[in-house]
Amino acid sequence: MFSKTLHISTSPHIRQGMSTDMIMRNVVYAMLPLVVFSVVSFGLNALLVIITAVASSVLTEHALCRWSGKSSTVSDWSAVITGILLGLTLPPIFPLWMTFLGGVVSIAIGKFVFGGLGSNAFNPALVGRAFLQAAFPVAITTWHPSFLEGRFYSISKSVAAFPFSTPVVDGISGATPLSAFKFDKVTADTADLAFGFISGSTGETSAVLIILGGIYLAVRKMMNWRIPVAILTTVFVLSWILHIIDNQVYPSPEFMLFSGGLMLGAVFMATDMVGSPITPRGVVVYGVFIGLIVVVIRIWGGLPEGVMYAILLGNALTPHIDNLIRPRVYGTKKTKS
Amino acid sequence: MPKNGSKGEKNSTDIVLNLQSHTFRHGVHPPENKEETNKLPIRQFSFSPLIILPMQQHIGAPSRIIVREGQEVLRGQLLAEANGYMSVPVHAPVSGKIRKIAKVPVISGQMTEGIHIETFPYSGQEVIEGTPINFETASPEKILKGIQDAGIVGLGGAAFPTHVKLKIPEGKFCDHLIINGIECEPYLTTDHRVMLEQANDIYIGIRYLIKATGAKEVIIGIEGNKQDAADHLSKLIPADLPVTVQVVPVKYPQGAEKMLVTSLLGKEVPSGGLPIDVKAVVVNVATTAEIGRLLPHGQGIQERVITITGPGVKKKGNYLIPVGTPLRYVLEQVGAAENISEVYMGGPMMGVAVSNLDISIVKGTSGIVVFGEDNIAKTDKIFPCIKCGACVDACPISLNPSKLGILAKSEGYDTMAEEFHLMDCFECGSCSFVCPSNIPLVQYFRLSKGIIRKRNAEKTAKANV
C-alpha cells in the first residue's frame, strides 16, 4: 500500500495563491480601457504607437534573454506593461521608428542592465521616455487634438516617418492644456480634463479611466493605493495654497490634478512595486516627494510637465527611504538597529 | 473569584499597548479548513500490532533505555529515563513484548535509538498506576519533577520539555499563566476537541501549573473560531481559580507564544527574550490537560489526541493514538487514498512533510494532514522579488523578509542578523505564504539561522581554546 513516492516540501505547504505574473497581467487589464479610449480619441495613429512600443519591449526582452543564455522572461508580462506604459506616455502622432527605439532603450537600459525584473532601480518605461525626450525634443512635444474629424483612419505623416528622417510636423497639431497654460495662461475646462476631451499623450488624457483602473488594482490588492493618494493629495494641497496666494499666476488645483501625465504617472508608474518603497510609511514619503517635485517643475521649471522626472527622482530616492524608514521590530525598542 | 469574559486588573507598572484589540500587528489569514473535523468527538484509535518508539521525541538529549530485548512490559511502564535535565523519560504506550532495540527512522530523515514493542493482542491495555502527586501538598519543585517524570513535552508541536519551560529563572516572577488554546494552524482541531471534552483535566492541570509557577492569574486564550470551546470552558471555571477565558480574533500566527502574550497582555516579549521577561508563562492547552490527567495518578504519557484530516483520507477525525504507532498503520486505518502524495505532521503552515511512512507518531504530533495526488495545485515557478511588500505586511514581528531574502541569496548573514534582526524570526512562514513570486523565504531564513548559529558556536569554541 502507498507505493507512490511522496512529495516533500518545506513549510508552509500552502500558498495564498497570488502570483507575480497574475499581478502583471492584471495591471495590463487595468490599462486596456486607456488603450481603447486612446484609439477612440486619437485614431489609429495612437494604436500604432502603442503596438509598436509593446512589440519593441517584448522583442527586446526576449532577444536579451536569449543573448545572455537565460530562458525568456516574456511570460511574466512585465515587458508588456513597460511597452503599454511607454506607448501611453508618447504623443499620438509620435514617429513609429522613434517609438521602437524607445522600447529598446526602456528594456535594455531601464531594466536589463540592472538585472531584469525586480532589480531595476527606475521605472523602465520612464527611462525609455526620458531618452526619447532628450533625443527627440521636438517630436515628443508635437501634440495632436483629440476627436478630430476623420481622425480615425488618417495615418499621420509624422507617425510613418522613415527611420532617422526628421518627421514632418502636421498642420493639425495642438497644444496640451499644460503647455497652453504655461506659455499662454489658458486653462482648460475641468470636465474636459477629467473625461479626456483634450490633447495630450496617448494614454494620459482620461483621468476617469485611469482612476477606475487604479481602483480595480487597489481593490485586488495589486497596487499600493497609498502612493497615488499621497502624490495627488500633495499636488492638490500645494497648488491650492499657491492658487489662493495668486490665482492669476498659479493654476487651480483641479487643473493641476487632471492635466498632463499626473494621473497616469501617479496611478500606473509611481506604483511600480520595484521602484517604490516597501513600507507603508516609506511610500507616503515617496508620494509626497513626487508630488512636491511635480508642482515645482510645473510651476517654476522650464518645462510644462514634470511628472516623468518627479517619478524618476522618486525611484532614485527609494533605496534611501527604505534604508531610513524601517518599522520597529517586535520586542525591540528603536527603529534603527 | 472567577473573572469571566472581561480581563482582570493588570499590573500598573507594565506598559500596556493594545488591550482593546486583543490581537497583534500584521499576520495572515490562510483558509481554516477545520469544519470537517471540529465537530467530531475524540475517538480511541486501535492498537497497532507493532509499536515503534523513538527515544528522541523531544528537544534535548534522547532518553536512556532501561529495558532489554525480550522483556514484557505493561502499559505505562517506564522504558527509558530522562538523560539529564533537558530530557524526559519514555513510557510504554501498550502492554507487550520488546522485540528489538535498534535504530528507527524519525521525521527529520535521521535514524535514532528506538524500541520495537509487539502489542499483546488480548491485553486489556490497562495503564499501571504510579505515585500520585497532590497539587495541594506538593512543592513547586516536586510538581516540576512530576511533570518531567510523566514524560510531558509541549504537545502543540514544539515538543519542548514542559518542566524546563515552567522553571522560573532566579530573580524572575510569573504573574500571568497563559493557557494556549489558539490552534491557529489550518486543518487542526486537536486543541479544540480537548477544550470541549477535557475541561476537567484542563482545570486540574491549571492547579498544578499555578502551584509550579506561582502565577497570580490565568488567561485561557482561544481564537474566535472556537467560541463553543470558550463558552464551555467559561461555564466550568472553578470558583476558587483566578481564570479568565479570552476570545481573540482569528489570525495566523496567533498561537505563537510571543503573539499570544501581546494579544492578551498588550506587552511585547523583548527581542531574544522569553515570555517570563514580561512575567508570563505560556502552556499549550492539551499539555495542560495531560498534566491534569497524569499527575494525580503518577502516570506517564502513553497517547495523545491527533487530528487526521485532509482530502487524502476518508475517515477524518480526532483520534487518541498511542505514541509510537507507525504512520503507515495509521494511514491504513483511516482509509488514506492509495495515491497519497503529500503527508504533513502538524499543520500546513509549520508542519513537516513526511518523506518516509515508516516513521511513528510521537509526542509532538498534533495533526496529520494528507493530500492525494489530485489535490495538489502548486505553481513551483519562482519569480524574482518585485518588492511588492506583501511579506512586510505579513510579518508578525515587522521584519523585512524581502530584504532578508535578498541578503540570504548573497550570503550576507552577518548583516541579516545584526542589522535586520533575523534571529528574532520564529519561522511562522507568513512571508512565504503571501509571496507572489513563490520565493521560499522562510526556508532561506531557517538555513541562514543555522549557518549563523554554527558560525557563532565556532567563534565561541575558538575563543575558548
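Begin by selecting T176(A), where an unreviewed UniProt entry places the feature "modified residue: FMN phosphoryl threonine". The model on display is predicted. In chain A, T176(A) is found in the loop between helix 5 (124-135) and helix 6 (177-184). This residue is buried, because 25 other C-beta atoms lie within 10 Å and 20 or more suffice for that label. Next, display the residues that T176(A) touches, leaving aside those up to four places away in sequence: W143(A), S199(A), G200(A), G260(A) and P304(A).

Now turn to the contact between the two chains. Select the 35 residues that chain A gives to the contact and the 55 residues that come from chain B. On the chain B side, helix 8 (327-333), strand 15 (340-345), strand 16 and helix 12 (430-434) each supply at least two residues. Strand 15 of chain B gives the most to this side, with 5 residues. Colouring the side of chain B that touches chain A by residue class shows 28 nonpolar, 17 polar and 10 charged residues.

Remain in chain B and select its open sheet of 6 strands, which has the order 1-14-13-17-15-16 and mixed pairing. Strand 1 (42-44) and strand 16 (352-353) of chain B stand at the edges; each has a single partner strand, so one side of each is left without a neighbour in the sheet.

Within this sheet, select strand 13 (residues 303-309) and strand 14 (residues 317-322) of chain B, which pair in the antiparallel sense over 6 bridges. Here V305(B) stands opposite L320(B) in strand 14 of chain B.

Finally, select helix 3 (residues 190-197) of chain B, which lies across strand 1, strand 13, strand 14 and strand 17 (367-372) of chain B. Helix 3 of chain B runs at about 125° to strand 13 of chain B.

Note on methods: Residues numbered from 1 in each chain as written. Chains lettered and ligands numbered in written order. Predicted model: local features only at pLDDT ≥ 70, side-chain atom pairs only at ≥ 80, totals over all residues. Pairing = 2+ DSSP bridges. Helix = DSSP H or I, 4+ residues; strand = E, 2+ residues; numbered from the N terminus. Contact = placed C-beta atoms within 7 Å. Axes fitted to C-alpha atoms, helices over the stretch in contact; angles between N-to-C directions. UniProt positions renumbered as here; feature names shortened; annotations may be inferred. Buried ≥ 20, exposed ≤ 12 C-beta atoms within 10 Å, placed from the backbone. Nonpolar A, V, L, I, M, F, W, Y, C, P; charged D, E, K, R; others polar.
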